[in-house]
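Me: Please take a close look at the salt bridges here, and go through them slowly. I am in my first year, so spell out each step.

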Amino acid sequence: MLDHLSHGYYTFPIFPFVGFKDRGIRPIAVADVARVVRASVLEGVFSRRTLAVLGPEFLTLREAMHRVASVVGRQPFDVPHANVVPSSLRVVLEKCMVVPMISLAQVRMMAEGIAEPAPHVS
């Protein structure tokens, strides 16, 4: 997420939000995910379990966007859009950029929110 946001700020000064309601996210460090994967694969700690691997802090996507923007020294405009706008934009960007600013998976995650695990996940 950080990579896509920071590249996007240098490329395009507008950040299109999916939907008109600000969704929550729980960003997590790659090192934390790696520890969970290691424990699962090498030590069998989470055998036959589905885990929700979430970061410790709840943020709205807008808060995360502004936090990353301040670190990279940019001030992008955040504009809410109907789902069709970012979906259409990602089709174009996926075709013409090596590292697209937005992908189908990201559009879906932003539309659904990624702050709470599904009910059946421990």
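## Salt bridges and their surroundings

Reply: D32 forms a salt bridge with R35, and their closest N and O atoms are 2.1 Å apart. The model is a predicted one, so this distance is a computed value. As background, side chains of opposite charge can pair when their charged atoms come close. The cut-off used here is a side-chain nitrogen of Lys or Arg within 4 Å of a carboxyl oxygen of Asp or Glu, so a pair at 2.1 Å counts.

Next, the place of this pair. Both D32 and R35 belong to helix α2, which covers residues 30-43. They are three residues apart, about one turn of the helix. Their exposure can be read from the relative accessible area. D32 has 27% relative accessibility and is therefore partly exposed. R35 has 54%, so R35 counts as exposed, because the limit for exposed is over 50%.

How many salt bridges does a search of the whole structure find? The search finds two. Besides the pair in α2, E57 forms a salt bridge with R67, where the closest N and O atoms are 3.1 Å apart. E57 sits in the loop between α2 and β3, while R67 is in helix α3 (residues 61-72), so this pair ties together parts that are 10 residues apart in sequence. Both partners are partly exposed: E57 has a relative accessible area of 38%, and R67 has one of 42%.

Now the surroundings. The loop between α2 and β3 also holds V53, which is partly exposed at 35% relative accessible area. V53 belongs to a nonpolar patch on the surface, together with V33, V37, V41 and L42. The patch has about 420 Å² of accessible area in total.

Strand β3 is made of residues 59-60 and includes T60. T60 is buried, because its relative accessible area is 19% and buried means under 20%. Leaving aside residues up to four places away in sequence, T60 touches D22, R23, G24 and I25.

Last comes P76, in the loop between α3 and β4 (77-81). P76 has a relative accessible area of 8% and is therefore buried. P76 and M65 are 11 residues apart in sequence, and their C-alpha atoms are 8.7 Å apart in space.

Terms used
Residues numbered from 1 in each chain as written. Predicted model: local features only at pLDDT ≥ 70, side-chain atom pairs only at ≥ 80, totals over all residues. Heavy atoms only, no water. Helix = DSSP H or I, 4+ residues; strand = E, 2+ residues; numbered from the N terminus. Buried < 20%, exposed > 50% of the residue type's maximum accessible area, 1.4 Å probe, protein only. Contact = heavy atoms within 4.5 Å. Patch = residues over 30% accessible without salt bridge, like charges linked within 9 Å, V, L, I, M, F, W, Y side chains within 5 Å. Areas by Shrake-Rupley, 256 points an atom, 1.4 Å probe, with all protein chains shown as cover.
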